[in-house]
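Here is a quick tour of one protein chain, with an eye on its rings and its strands. Have a look at the sequence and the model first, then read on.

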Amino acid sequence: TAWEYTPLRYWKEGCTYKFYAYAPHTSNQKGNKAVVTLNETTGMMSIAGVALKGDNLHEAKTATEQMKSFITAPNDVDWMVARTGQTAQGTAHNTVEFTMQHVLAKLNVRIRKTESLSTDADIKEIRVNSLSIGTMAADGSFTQKHKATQDATTSEEEWTTGNTTMTLNGTKDFSVTTQWQYMLESLVIPQAMPNAEVMLVYSFVFTDGRKEYFTYCTPLKEVFSTVSHLVSGNSYTISFTIEPDVIKFDAVINIWTDII
């Protein structure tokens with residue numbers, strides 16, 4: 001239940017030690033082949049070759065509730081570093097404490113319906129059919145430049161994106177409730193706001209058996225219109241609320257009469 005280091009080492013009296021920390025250890029990368037290095041002069045860390053697959057990190061606990069279960073993905077790793085190295089004297093039982101910070105960003109999508117739709121006798125349920133966000137940078141390298149949390153307004157970026165891309169896909173085919181339900185919680189490479197499109201497909205299922213499908217599309221840049229970059233250590237959440245005022249179409253046929 002607690003983090004630990006290996007191999008076991010012992011204090012030597014009268015000596016001063018410097019400590020640096022990152023997670024996960026190379027043996028716990030779940031197939032990721034990223035390499036961590038330390039610049040002993042500056043005390044800054046680098047993580048080269050980080051790769052993501054866009055795995056959905058939410059795990060459905062029941063048929064009607066999508067609960068958070070962070071880091072259940074088999075391929076994606078939540079990289080963390082202690083941005084400030086710690087110094088301690090060589091005294092037995094001395095404790096060195098770190099504040100770990102995420103260096104990736106996280107993108108969440110959640111959904112709910114209004115209470116009025118829940119009590120509408122003509123509507124049996126509202127179902128999410130699919131969710132996708134794409135495309136986004138899927139690999140990159142981190143070079144630490146700050147000793148504190150990365151500032152969203154800074155022009156000095158710590159990440160360099162690679163050439164591969166990914167599309168994020170959310171939890172599919174579940175019934176929407178009046179409580180927030182998470183469809184997506186995916187780690188993302190910090191990057192300039194990508195030219196990605198958010199596409200949500202959902203359907204109204206009526207008590208008489210009819211179904212009406214709706215598709216909502218919008219650029220990610222318009223969702224986060226005041227944000228220029230996805231920044232390390234930030235969690236970005238898109239919230240959808242389905243309301244009664246959906247678009248309705250009607251069609252009629254009339255005699256085509258030319259007006260002279």
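Which residues form one aromatic cluster? They are Tyr202, Phe204, Phe206 and Phe214. Keep in mind throughout that this is a predicted model.

## The chain as a whole

Let's start with the broad view. The secondary structure comes to two helices and 21 strands. The chain has 260 residues, and 39% of them count as buried.

As for how the chain is tied together, take the contacts between residues at least 6 apart in sequence: 73% of these join residues at least 24 apart. The accessible surface adds up to about 15,700 Å², with 50% of that belonging to carbon and sulfur atoms.

## Strand E18 and its neighbours

Now for strand E18, which covers residues 197–206. Eight of its 10 residues are buried, so the strand is largely enclosed by the rest of the structure.

E18 pairs with strand E11 (residues 123–137) through 10 bridges, and the two run antiparallel. Here Val128 stands opposite Tyr202 of E18, and Tyr202 is also one of the residues in the aromatic cluster. Strand E19 (residues 211–219) is joined to E18 as well, by nine bridges and again antiparallel. In that pairing, Ser203 has Tyr213 of E19 as its bridge partner. E18 and E19 make a hairpin with four residues between them. Gly209 sits in the turn and has a positive phi of about 95°.

## Met199, a strand residue with some exposure

Is Met199 buried or exposed? Neither, quite: Met199 has 30% relative accessibility, so it counts as partly exposed. That's for a residue lying in strand E18.

Leaving aside residues up to four places away in sequence, Met199 touches Ser130, Leu131 and Ser132, along with Thr215, Tyr216 and Cys217. Then there is Leu220: it lies 21 residues from Met199 in sequence, and the two are 9.8 Å apart in space, C-alpha to C-alpha.

## Rings with rings

How many aromatic pairs does the structure hold? The count is 10. Among them is the pair of Trp11 and Tyr17, which is edge-to-face, at 5.5 Å centre to centre and 75° between the planes. Trp11 also pairs with Phe19: the ring centres are 5.9 Å apart and the planes stand at 65°, so this pair is edge-to-face too.

What about exposure for these three? Trp11 has 27% relative accessibility and counts as partly exposed. Tyr17 is partly exposed, with a relative accessible area of 25%. Phe19 comes in at 26% relative accessibility, and so it counts as partly exposed.

## Charges over rings

Which residue lies over the face of Phe206? That's Arg210, at 4.2 Å from the ring centre. Phe206 brings us back to the aromatic cluster, where its partners are Tyr202, Phe204 and Phe214.

There's another arginine to look for in the model: Arg110 lies over the face of Trp180, at 3.8 Å from the ring centre.

Technical notes: Residues are numbered from 1 along each chain as its sequence is written. This is a predicted model: local features need pLDDT of at least 70, side-chain atom pairs count only at pLDDT 80 or more; totals for chains, interfaces and linings use all residues. Side-chain values use heavy atoms; hydrogens and water are left out. Rings of Phe, Tyr and Trp (its six-membered ring) pair if their centres lie within 6.5 Å; planes under 30 degrees apart count as stacked, over 60 as edge-to-face and the rest as tilted. Buried means under 20% relative accessible area, exposed over 50%, partly exposed in between (1.4 Å probe, protein chains only). A charge sits over a ring if NZ of Lys or CZ of Arg is within 6 Å of the ring centre and within 35 degrees of the ring normal. Two strands pair if DSSP finds at least two bridges between them. Contact means heavy atoms within 4.5 Å. Accessible areas come from the Shrake-Rupley method with a 1.4 Å probe; for residues, only the protein chains shown count as cover.
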